[in-house]
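Student: Could we take a close look at a single part of this model together? I would like to see the aromatic side chains set in the context of the whole chain.

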Amino acid sequence: MRGRMTAVNQIFFQGGPQLGEVEAGVVAQFFGVPFAIISGGIGCIVGLVVIVLKWPHLRTYSEEKSIAS
């Protein structure tokens, strides 16, 4: 089981940034570097807002509570 979780971890942490770099490069190629930087920042903020609205209990998450339960 540990090997499977390590494989999933590697897929996300090694593959994810490269996909983001390709996306940023394509946007910069078609729309320019400033637009790629600004739209990437706005996309991050929008993603954060969506996550907070979908899972509001994450705002009050405490590691101590989860260890005790």
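Tutor: Happy to help; here is a walk from the whole chain down to the aromatic residues.

This is a predicted model, in which local features need pLDDT of at least 70, side-chain atom pairs count only at pLDDT 80 or more, and totals for chains, interfaces and linings use all residues. Residues are numbered from 1 along each chain as its sequence is written, and side-chain values use heavy atoms, with hydrogens and water left out.

Let us begin with the overall layout. The protein chain has 3 helices and 0 strands, where helices (H or I, at least four residues) and strands (E, at least two) are DSSP runs numbered from the N terminus. The C-alpha atoms occupy a box of roughly 50 × 30 × 15 Å along the principal axes. The radius of gyration is 17 Å, while a compact globule of 69 residues would have one near 11 Å; this value is taken over C-alpha atoms, and the globule rule is 2.2 Å times the number of residues to the power 0.38. Of the 69 residues, 4% count as buried (buried is under 20% relative accessible area, exposed over 50%, partly exposed in between, with a 1.4 Å probe and protein chains only).

Now for the rings. The structure holds 1 aromatic pair. Phe-31 and Phe-35 have ring centres 5.3 Å apart and planes at 50 degrees, so the pair is tilted. For rings of Phe, Tyr and Trp (its six-membered ring), pairing asks for centres within 6.5 Å; planes under 30 degrees apart are stacked, over 60 edge-to-face, and the rest tilted. Phe-31 is exposed at 59% relative accessible area, whereas Phe-35 is partly exposed at 44%.

Trp-55 sits in the loop between H2 and helix H3 (63-68). Lys-54 lies over the face of Trp-55, 5.4 Å from the ring centre; a charge sits over a ring if NZ of Lys or CZ of Arg is within 6 Å of the ring centre and within 35 degrees of the ring normal. With 38% relative accessibility, Trp-55 counts as partly exposed. From Trp-55 to Glu-21 the separation is 34 residues in sequence and 28 Å in space, C-alpha to C-alpha.

To finish, consider helix H2 (residues 33-54), where Ile-38 is found. Ile-38 counts as exposed at 52% relative accessibility.
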